[in-house]
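Here's a walk through one protein model, from a loop residue inward to the pocket. Have the sequence and the 3D view handy.

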Amino acid sequence: MIPPVRPLGDFPLSRSDLDRDQLSRSTPGFTAGALADPRSRLIRLGGGRMPVREDALVLERISPDDRFDADDVVYLGRTVSADADLAVGTPLLLVAQADAGDDEPEQGLEWRNPRDAAHRMSDRDAGIASEALAIAAWHRTSRFCANCGAETEVRNAGWMRACPRCGVDHFPRTDPAVIVRIVHEERILLGSSALWPAGRYSLLAGFVEAGESLEAAVLREVEEESGMRLATPIYLGSQPWPFPRSLMFGYHAELAPGQDPEAIARDEEELDDVRWFSREELLATDSEVTLPGPTSIARAIIDDWLRGDERS
Ligand SMILES: [Zn+2]
């Protein structure tokens, strides 16, 4: 009997080591109080980038010269592990600005996109980056009420926007998406998007539609993109992908009984190529295939198969 597929954990952007401290958010004046608290640290985000020094996020002290409007600040939570210069319980505040600040090479400070950098960060910093990107992206597109069009007001330390006209409360949104490792007889099915540079391949993926289950989305997306009918998909794990607001659900699946693996029917609009790869092809030093970047759930799921330890 074939052993079951092993679930995966610890995807780069799924890691966290922070107490989101949800209960404090609704305390009136909480953000103003945290801004005045000398223990608090500030995290900046600008143009999708964050200040990093030696693969660690820069957590600034708040200067008395800084004048922030509490409505422009989001309370991310408080630290739960001590490190060299931060005590347990340090409040962390996010300020999103329009553009990244300047790199300061002499201080080793660089503004980096966590999409390229988070896999090198600590659990705490990867979790902060994911949370910061997601909540900032939501505020950017949620200024006006989706129900009546009036300008909304920030509440709950940045975790809600209330409409003063119709009374509807708005909360941060996430778009679910599925991504699937399809394996058949020691080969993996990968596709190359029409939007990507030639030679870049990844797992088949797509957004979950309204009123659809995750499993149904897996079966539908894969059949649409490749023509392959799958057996029941097996859940592997999830990772937030706040670029701008996805949550990726990873699955493993094998072909439905009777499905011919060579009968690929590619979605010609979305994909330039869909085909089966052996481990040897992907691992060859002269391989012309580029796999997804190291922070992605796609890469973690492919690497797990390449190592050959996907079964428990
Ligand atoms: Zn409204």
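Let's start with E185, which counts as exposed because its relative accessibility is 66%; exposed means over 50% relative accessible area, buried under 20%, and partly exposed in between (1.4 Å probe, protein chains only). E185 is found in the loop between β12 and β13. Helices here are DSSP runs of H or I with at least four residues, strands are runs of E with at least two, and both are numbered from the N terminus. The backbone at E185 has a positive phi, near 45°, in a residue other than glycine.

Some housekeeping: this is a predicted model, where local features need pLDDT of at least 70 and side-chain atom pairs count only at pLDDT 80 or more, while totals for chains, interfaces and linings use all residues. Residues are numbered from 1 along each chain as its sequence is written, and side-chain values use heavy atoms, with hydrogens and water left out.

E54 also has a positive phi, and here are the two residues side by side:

| Residue | Phi | Loop | Relative accessibility |
|---|---|---|---|
| E54 | near 45° | between β3 (50-53) and β4 (56-57) | 76% |
| E185 | near 45° | between β12 and β13 | 66% |

Zooming out, the protein has six helices and 17 strands. Its C-alpha atoms fill a box of roughly 65 × 50 × 40 Å along the principal axes, and 46% of the 312 residues count as buried.

One helix to look at is α3, residues 123-140. Its 18 residues reach 26 Å from first C-alpha to last, close to the 26 Å expected at 1.5 Å a residue (the expected span is 1.5 Å times one less than the number of residues). Is α3 largely enclosed or not, and why? Of its 18 residues, 15 are buried, so the rest of the structure largely encloses α3.

Next, the annotated part. An unreviewed UniProt entry carries the annotation "domain: Nudix hydrolase" over residues 172-303; UniProt positions follow the numbering used here, feature names are shortened, and annotations may be inferred rather than shown by experiment. Across residues 172-303 the chain is 19% helix and 34% strand, with its end C-alpha atoms 32 Å apart.

Now for the largest pocket, which holds about 900 Å³ of space. Which residues come closest to its centre? Of the 33 lining residues, those are I179, W196, A205, W241 and M248. β14 gives the most to the lining, with four residues, and elements supplying at least two residues each include α4 (214-226) and β16 (246-253). On the method: a pocket is an open set of points on a 1 Å grid over the protein atoms alone where a 1.4 Å probe fits, with protein on both sides within 12 Å along at least five of seven lines, and lining residues have an atom within 4 Å of a point. Points are joined across faces, edges and corners, and the volume is the space filled by probe spheres set on them.

W241 is buried because its relative accessibility is 15%. W241 also pairs edge-to-face with F243, at 4.7 Å centre to centre and 75° between the planes. Such pairs are rings of Phe, Tyr and Trp (its six-membered ring) with centres within 6.5 Å; planes under 30 degrees apart count as stacked, over 60 as edge-to-face and the rest as tilted.

F243 has further company: R115 lies over its face, 5.1 Å from the ring centre. The cut-offs are NZ of Lys or CZ of Arg within 6 Å of the ring centre and within 35 degrees of the ring normal. F243 is also joined to P244 by a cis peptide bond, with omega about 10°, and P244 sits in the loop between β15 (234-241) and β16.
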